[in-house]
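Trainee: I would like to take a close look at a single part of this structure. Could you walk me through one helix, slowly and with the terms explained?

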Amino acid sequence: MSTPEAERRLHPWSWLFVLVQQLKQFIIPLLALVFVGRGDGNALWPLIGVAALALASLWQYFTYRYRVDEDRLVVREGLLERKVRQIPFARIHNVALHQSLLHRMFGVAEVRLESAAGGKAEAEMRVLRLDEALALERLIRDRGAASHVGGTAQAEASADATLLLALPTAEVVRLGLASNRGMVVVAGAFALAWQAFPDRAMTRLVQDAGERAFGYASHLTIGWAGQAAAVAGIVLLALVVLRLLSVLLAVLQFHGFTLQVHGRRLTVERGLLTRIRTSASRRRIQAWTLREGLPHRLLRRRALQVDTAAGQQQEGEQRSLRELAPIATPDACDALVRDVLPGIAWPPAAWQPLHPRAWQRLMLPGVLLAAVAAAVAYWRFGPWGLVALAWAPWAVYAARQHARRAGYACDARLVAVREGWWSRHWRFAEIDKLQALELRQSPLDRRFGMATLWLDTAGAGAMSPPLRLRLVPLAEARALHARLAREVARRPLRW
């Protein structure tokens with residue numbers, strides 16, 4: 001067994017990056033002290049606060065040490081209250097390297113080591129030299145693989161990296177066109193402004209803008225057709241601006257996107273100004289999601305995402321391995337699944353349909369909503385309120401389309417579902433990754449003789465669609481539940 005290495009320190013400028021990070025968190029209270037304390041003796045309090053944060057950053061630099069042992073990483077921090085963490089390489093699920101524009105100027109990177117424990121990283125190193133950070137990532141990859149299987153894994157770990165996917169700029173632009181990132185940013189900015197300014201000020205601003213717009217339009221003698229065209233032009237312009245903003249955000253986040261496989265680990269690198277490099281073992285992937293919205297279908301593209309056992313977010317930025325293919329052709333997405341999961345038959349050869357009366361079960365909420373809305377509108381507006389009933393035929397049509405395209409597939413290794421009509425998704429997982437099964441029946445389900453089988457895996461995000469076999473004939477659902485329960489009980493859980 002080799003002799004443990006000597007303890008190492010962080011980069012000499014690490015205290016500066018810790019200080020910048022802390023200033024981001026306390027910038028609003030400090031600015032409040034600056035403006036509130038103007039003209040009295042409290043003007044120096046912000047400087048005292050900055051000095052205290054700087055001392056805390058220096059203290060962290062001088063008291064933080066880490067050491068690389070044969071099979072683990074040992075992290076020591078603190079002087080008066082000491083903490084020592086021993087992190088086995090085999091337990092590290094995700095290695096994330098983060099480089100902001102400031103990091104790149106100094107040639108350093110922030111390293112986060114994550115496990116399946118929860119929302120806090122096992123170790124966070126702010127910051128290391130970039131070559132040291134990449135060497136640490138490579139060491140964790142090699143020794144973590146060797147600790148699982150031995151010589152075979154070690155040989156795989158030393159293999160050259162294979163490029164699975166690279167997105168050129170044209171594909172990143174398509175990603176922006178197919179996404180709604182611009183709308184999310186605008187909504188977030190509006191919500192922030194509404195919180196930052198008094199309600200009366202924001203309400204008055206919106207009212208004044210509306211009154212000016214309508215007042216200007218009322219002075220134009222263009223008739224109702226011209227006014228409708230003007231409104232349509234404004235809406236079209238807003239949509240174009242939102243799409244351009246989505247393209248800009250996509251370029252910032254996914255410029256230079258590459259997906260590589262290195263032995264048993266997958267590595268994703270992306271970003272224009274801020275570069276993020278994420279590495280995780282293939283066996284940490286718990287579930288898969290293929291997404292295809294209407295813009296994706298127009299562009300003949302899909303998105304491939306995964307849930308890992310260590311799915312975390314920091315500062316609103318996804319740093320765990322999630323996007324295997326932000327955008328790619330359907331054939332490329334299917335090929336990625338087969339490359340990462342060798343021996344898997346994807347896409348499934350045969351999909352099992354839902355219950356023959358599933359469309360009736362799906363249409364009921366829409367039809368009932370249309371009936372209630374029509375009754376209320378009739379009471380309020382008279383016969384014109386019955387126009388709300390026009391929603392009922394659309395609800396029936398949508399339910400039929402959804403039921404016709406939905407289905408599930410299950411073989412010896414994989415269970416998969418597909419759902420959606422307007423916006424479609426495919427959700428699947430290896431049976432070895434299932435943690436719990438649940439058979440559900442609502443009163444309506446019992447009336448129609450159907451049930452829904454819910455399957456649980458680790459690492460599922462809040463925005464991930466559920467893995468469920470929905471509206472399956474009751475006898476079929478019970479038989480599948482019994483079969484999967486035996487398989488889950490027999491097989492060891494693979495993290």
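Mentor: What follows is a walk along helix α12 and the residue just after the helix. This is a predicted model, in which local features need pLDDT of at least 70 and side-chain atom pairs count only at pLDDT 80 or more, while totals for chains, interfaces and linings use all residues. Residues are numbered from 1 along each chain as its sequence is written, and side-chain values use heavy atoms, with hydrogens and water left out.

Helices here are DSSP runs of H or I with at least four residues, and strands are runs of E with at least two, numbered from the N terminus. Helix α12 takes in residues 358–381, which is 24 residues, and at 1.5 Å a residue (times one less than the number of residues) the helix should span 34 Å, which agrees with the 35 Å between its end C-alpha atoms. Along the way there is a kink of about 35 degrees at leucine 364, shortly before proline 365; the bend is the angle between axes fitted to the seven residues ending at a residue and the seven starting there.

Turning to its surroundings, the buried residues of α12 (under 20% relative accessible area, with exposed over 50% and partly exposed in between, for a 1.4 Å probe and protein chains only) are Ala358, Trp359, Arg361, Leu362, Met363, Gly366, Ala370, Ala374 and Ala377. These buried residues pack against the helices α13 (391–405) and α14 (443–448), and against the strands β20 (450–456) and β21 (467–473), where contact means heavy atoms within 4.5 Å. Just after α12, glycine 382 takes a positive phi of about 85 degrees.
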